[in-house]
Amino acid sequence: MTSPPFRRLAVIVLGALSLTHCASNPVSGGKDFVLISEQQEIQMGAQAHEDVLREYAALDNPALQAYVNGIGQKLAKQSHRPDLQWRFTVVDSPDVNAFALPGGYIYITRGLMAYLNSEAELAGVLGHEIGHVTARHGVRQQSASTAAGLGVVLGSILVPGLDNQAATGMMQSVAQAWTAGYGRDHELESDRLGAQYLAKTGYDPQAMIAVIGVLKNQELFAAEQARREGREPRSSYHGTFDSHPSNDARLQQVVNEANQYSVANPRDGRADYLQKIDGLVLGDSPAQGIIRDNLLLHDKLGFAIQFPPGWRVSNQADRVLAKNPKGDALLELQQGPKNNQPLATLQTGLKLDAGARFDSGQLSGYPAAFAAGTQQGKPVVVASVVFNGTQYLIAGMAANKPAYDRERATLRGAINSFHAITLAERRTAQPYVLKLMTAKAGTTLASLAKTSPLKPQAEDQLRLLNDLYPAGEPKPGQRLKIVQ
């Protein structure tokens, strides 16, 4: 969870989408029925870019930013829209993802960069996203899925407009249209275009296949991890690999179309790439708060909170979510108004059914207010605690009364665990970072896993980081990524 305000992306998008326009497709040259002109597309992207950076801060690493931007600019010059003012940004997120906004704005997370192993693979990701922009997939997108079920607690029970902190379903829907994929045909088109841009820039277009293999291994690992934990796996990266394997015939066909562009000595850039990501943070960063054994340690904001053991914790940009193994209870933490009136915040800001109870008190010695009731029949308990001039809203929800009765003590225990971070906890709140080493004869990932802080599946994680999943071993002299 970071401190900037939530994005207002949907407001910008919906305003732009109120106009319709029939324009020439930059790739095919044919006519597309799209909702906005190119100039409007560029303006929309520029406005949305500022909102993205307010939620997902740019990574504070000028050298890495310049490296990624340089590669992106070379690829973009070979694209079907070379005259766009392209911008490439590494965002400070542990998620394994990349996405594009209309108008030439491309983003890649440090989380995805950690699992790539060459400059050519990086170019494959950027080329794919450039393909979405050149083909205008963003402005041709017609629909997007919305959150359902328990979803987000505070997003469903906060009155819209409360300190502009509540994300509406419409906002989630529109934003997801850009960051959760475009359907198989559009993804394949982006792969075909990206492969062309790679070849024209001096990279092997087969790097697109390599990237999808890396991401497919992520998917396999996530599925195995979910199986061990008795839950459904989550997809972490949007795009082609969600819908077909790396040996898919259509994918091979569209990538192989780029072979018409001769690449005599394709650049791989493995050594350069690994050197650039040496020292990169893996997982949570101090700006987002570090989670260790479900304990959120937010040194920057000065607090800590213990989420229940065994629950699945997701440290998102605007909130922290925790879901129980059965999937019928949820905890959420997010920032509220910057004032010292927590009771007024809950009384005026919550959409609870009739009969809800409100009370004032203290939480870990800090002024707080509490609410308990139901929202459309789902039991809810909420606390707002004033800490360093800012309210923090902590909410628990269950799918039904039996689930709430079972999890009542757990929900309240987590809420009551909110406290100022201790000196000992500050020492624990250190991020994991990537470091490079050279494998020697006899070096195995099992031996490296014994001293790795990645638990409990350190060996599998190291294999993923080094493209050796599920059973590969390093060769003597090979440069490896380890975690310290």
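**A four-stranded sheet, two cores and some ring pairs**

Let's start in the sheet. Strand β8 and strand β9, residues 303-306, run antiparallel and are joined by four bridges. One position to look at is Leu295, which stands opposite Gln306 in β9. The two strands make a hairpin, with four residues between them. In that turn, Gly302 has a positive phi of about 90°.

Keep in mind that this is a predicted model. The mean pLDDT of the protein is 83. Of its residues, 79% reach 70 or more. Two stretches need caution. Over residues 142-150 the pLDDT is below 50, and beyond near neighbours in sequence this stretch has 16 contacts in the model. Over residues 160-180 the pLDDT is also below 50. There, the count of contacts beyond near neighbours in sequence is 53.

Back to β8, now on its other side. Strand β7, residues 290-292, runs antiparallel to β8, and three bridges join them. Arg292 has Leu295 of β8 as its bridge partner. β7 and β8 form a hairpin too, with two residues between the strands. Asp293 takes a positive phi there, near 55°.

Which way do the side chains of β8 point? Strand β8 covers residues 295-298. Leu295 and Leu297 point one way, Leu296 and His298 the other, and all are buried. In a regular strand, side chains alternate between the two faces of the sheet.

Next, the far side of β9. Two bridges join β9 to β17, again antiparallel. Phe303 has Ala420 in β17 as its bridge partner. Put together, this is an open sheet of four strands, in the order β7-β8-β9-β17, with antiparallel pairing. Why do β7 and β17 each have a side without a neighbour in the sheet? β7 and β17, residues 419-420, stand at the edges with a single partner strand each, so one side of each is left free of a neighbour in the sheet.

Two residues from the sheet also turn up in ring contacts. Arg292 lies over the face of Tyr432, at 3.9 Å from the ring centre. Phe303 belongs to a cluster linked by ring pairs, along with Tyr366, Phe387, Tyr392 and Phe418.

On to aromatic pairs in general. The count comes to 11. One of them is Tyr67 with Tyr273, a tilted pair, 6.5 Å centre to centre and 45° between the planes. Tyr67 sits in helix α3, residues 62-77, and Tyr273 in helix α12, residues 270-277, so this pair ties together parts that are 206 residues apart in sequence. Tyr67 and Tyr273 are both buried. Now Trp86 and Phe88. Their ring centres are 6.2 Å apart with the planes at 15°, so the pair is stacked. Trp86 and Phe88 are buried as well.

Phe88 leads us to the cores. Nonpolar side chains tend to be buried together in soluble globular proteins. Here, the largest nonpolar core has 66 residues. Which residues have the most contacts inside it? They are Val68, Ile108, Met113 and Leu122. Take Val68. Not counting residues up to four places away in sequence, Val68 touches Phe88, Val90, Ile108, Met113, Leu122 and Leu126. Apart from this core lies another, of 29 residues. Among them are Val320, Leu331, Ala368 and Ala403.

To close, three things to look at on screen. See the open sheet, β7-β8-β9-β17. See the tilted pair of Tyr67 and Tyr273. And see Val68 in the largest core.

Key: Residues numbered from 1 in each chain as written. Predicted model: local features only at pLDDT ≥ 70, side-chain atom pairs only at ≥ 80, totals over all residues. Heavy atoms only, no water. pLDDT = per-residue confidence, 0-100. Contact = heavy atoms within 4.5 Å. Buried < 20%, exposed > 50% of the residue type's maximum accessible area, 1.4 Å probe, protein only. Pairing = 2+ DSSP bridges. Core = buried A, V, L, I, M, F, W, Y, C linked by side-chain atoms within 4.5 Å. Phe/Tyr/Trp six-rings, centres within 6.5 Å; stacked < 30°, edge-to-face > 60°. Lys NZ or Arg CZ within 6 Å of the ring centre and 35° of its normal.
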